[in-house]
Amino acid sequence: ETEFVGRDSDRPSSEKVYRILIKTDSPENIRVAVMAALNAFKTQSATRDGLTSELPGGIIFDVFVPIDSYKPLLNRLIQHGEAKVITTHSKERGIPGKARLKIWLQRI
């Protein structure tokens, strides 16, 4: 940690990956609401396979969102269940002006 810790921690960046974990008993029902939110904020897929992947235990979305839309989108997403955000540095070069989100709808 540095003396500047917390100064830029709330500022979204294209060099970070934001993992949003949402616990729910029905990921399939929340999927529609998450898709609507992603479409409203002009996201683009981070993979060639599309926005979502169904995995054992839930559904994952891997998208890029404009940095200005990150906080409003996050506020909309956390309304759908118990949410936790994990921020890590990206190993890959990001798209300038866009934040990468991995949204995991985890079945509980």
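**Two helices and a tyrosine pair**

User: Which residue follows α1, and what is its phi?

Analyst: The residue after α1 is lysine 42, and its phi is positive, near 55°. This is a predicted model, where local features need pLDDT of at least 70, side-chain atom pairs need 80 or more, and totals for chains, interfaces and linings use all residues. Residues are numbered from 1 along each chain as its sequence is written, and side-chain values use heavy atoms, leaving out hydrogens and water. So much for the ground rules; the phi you asked about, for lysine 42, is near 55°.

User: Which residues of α1 are buried, and what arc do they cover?

Analyst: Helix α1 (a DSSP run of H or I, at least four residues; strands are E, at least two) spans residues 27-40. Its buried residues (under 20% relative accessible area; exposed is over 50%, partly exposed in between, 1.4 Å probe, protein chains only) are Pro27, Ile30, Val34, Ala37 and Leu38. They sit on the same side of α1, because their arc, taken from the helix axis to the C-beta atoms, is only 95°.

User: Which exposed residues lie on the face of α1 turned away from its buried side?

Analyst: The buried side of α1 packs against β1, β4, α2 and β6 (heavy atoms within 4.5 Å). The face turned away from it carries Asn29, Val32 and Asn39.

User: Which tyrosines form the aromatic pair?

Analyst: The pair (ring centres within 6.5 Å; planes under 30 degrees apart are stacked, over 60 edge-to-face, the rest tilted) is tilted, at 4.6 Å and 40°. One partner lies in strand β1 and the other in helix α2, so parts 52 residues apart in sequence are tied together. The partners are tyrosine 18 and tyrosine 70.

Notes: Expected span 1.5 Å × (residues − 1). Phe/Tyr/Trp six-rings, centres within 6.5 Å; stacked < 30°, edge-to-face > 60°.
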